[in-house]
Amino acid sequence: MNFDDTFPLKLCINLTRREDRRFRMDLEFYKLGMDVLRVRAVNQKYVRRLHGYPTAGRYANALSHRLALRRAKLAGVSAVLIFEDDVVFAPDFHERLADIELPEDWGIFY
């Protein structure tokens, strides 16, 4: 799989108050040679209703992913890769990606 061609937009969800995670992720993305944009995460303290989610944190996380997807839609890209700011990469990350072959009709890659 050609990673950059498959995922023209890469986003990372990060809470504003967690600059430590943001800086760590910026360094990790740099080491991996990835251009990743930050999406400001929804803070759970502003969640008033849970809309069926068990906790405010989970609902805030779902909203954050929805905002990332909206950003991708507005950008008009064919696919988006969304990271959270606590992701841990395998040492052989690029080699593993190179071995993956997605079917032509793929919809979600997890």
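Let's start with the largest nonpolar core. It has 14 residues, and Phe3, Phe29, Met34, Phe83, Phe89 and Phe93 touch the most other members. A nonpolar core here is a set of buried Ala, Val, Leu, Ile, Met, Phe, Trp, Tyr and Cys residues, joined through side-chain atoms within 4.5 Å. Buried means under 20% relative accessible area, exposed means over 50%, and partly exposed is in between, with a 1.4 Å probe and protein chains only.

Which elements feed this core? Helix 2, strand 3 and helix 4 each supply at least two of its residues. Helix 2 gives the most, with three residues. Helices (H or I, at least four residues) and strands (E, at least two) are DSSP runs, numbered from the N terminus.

Now zoom in on Phe29. Leaving aside neighbours within four places in sequence, Phe29 is in contact with Cys12, Met34, Val36, Phe83 and Phe89. Contact means heavy atoms within 4.5 Å. Apart from the largest core lies another core, of seven residues, including Leu11, Ile13, Ala68 and Ala72.

A word on what we are looking at. This is a predicted model, where local features need pLDDT of at least 70, side-chain atom pairs count only at pLDDT 80 or more, and totals for chains, interfaces and linings use all residues. Residues are numbered from 1 along each chain as its sequence is written, and side-chain values use heavy atoms, with hydrogens and water left out. pLDDT is the predictor's confidence in each residue, from 0 to 100. The protein chain averages 95, and 100% of the residues score at least 70. Which element has the lowest mean pLDDT, and which the highest? Helix 1, residues 3-6, has the lowest at 89, and strand 1, residues 9-14, has the highest at 98.

Next, the aromatics. The structure holds nine aromatic pairs. Rings of Phe, Tyr and Trp (its six-membered ring) pair if their centres lie within 6.5 Å; planes under 30 degrees apart count as stacked, over 60 as edge-to-face, and the rest as tilted.

Take Phe7 and Trp106. Their ring centres are 5.8 Å apart and their planes sit at 65°, so the pair is edge-to-face. Phe7 lies in the loop between helix 1 and strand 1, and Trp106 in the segment after helix 4, so the pair ties together parts that are 99 residues apart in sequence. Are these two buried or partly exposed? Phe7 is buried, at 2% relative accessibility. Trp106 is partly exposed, at 28%.

Phe89 and Phe93 also pair edge-to-face, with 4.9 Å centre to centre and 75° between the planes. Both Phe89 and Phe93 are buried. Zoom out once more. Phe3, Phe7, Phe29, Phe83, Phe89, Phe93, Trp106 and Phe109 form one aromatic cluster.

On to charges. How many salt bridges does the structure hold? Five. A salt bridge is a side-chain nitrogen of Lys or Arg within 4 Å of a carboxyl oxygen of Asp or Glu.

Here are three of them. Asp4 meets Lys10, N to O, at 3.1 Å. Asp4 is partly exposed because its relative accessibility is 46%. Lys10, at 5%, is buried. Arg18 bridges to Asp20, with the closest N and O atoms 2.7 Å apart. Arg18 is partly exposed at 25%, and Asp20 is partly exposed at 45%.

Then there is Asp85 with Arg21, at 3.0 Å, N to O. This pair links distant parts of the chain, 64 residues apart: Asp85 is in the loop between strand 3 (80-84) and helix 4 (93-98), and Arg21 is in helix 2 (residues 19-32). Asp85 is buried at 7%. Arg21 is partly exposed at 28%.

Last, some loop residues. Asn43 sits in the loop between strand 2 (37-40) and helix 3 (56-75). Asn43 is buried, at 16%. Its side chain reaches the backbone nitrogen of Lys45 at 3.0 Å. Not counting neighbours within four places, Asn43 is in contact with Leu15, Arg17 and Ala60.

His51 lies in the loop between strand 2 and helix 3. His51 has a positive phi of about 50°, although it is not a glycine. His51 is partly exposed, at 48%.

Finally, Val77, in the loop between helix 3 and strand 3. Val77 and Leu9 are 68 residues apart in sequence, and 6.9 Å apart in space, C-alpha to C-alpha. Beyond four places in sequence, Val77 touches Pro8, Leu9 and Ala72.

Conventions:
A polar contact is a pair of N or O atoms within 3.5 Å; within protein, one must be able to donate a hydrogen and the other to accept it, and residues adjacent in sequence count only if both atoms are side-chain atoms.
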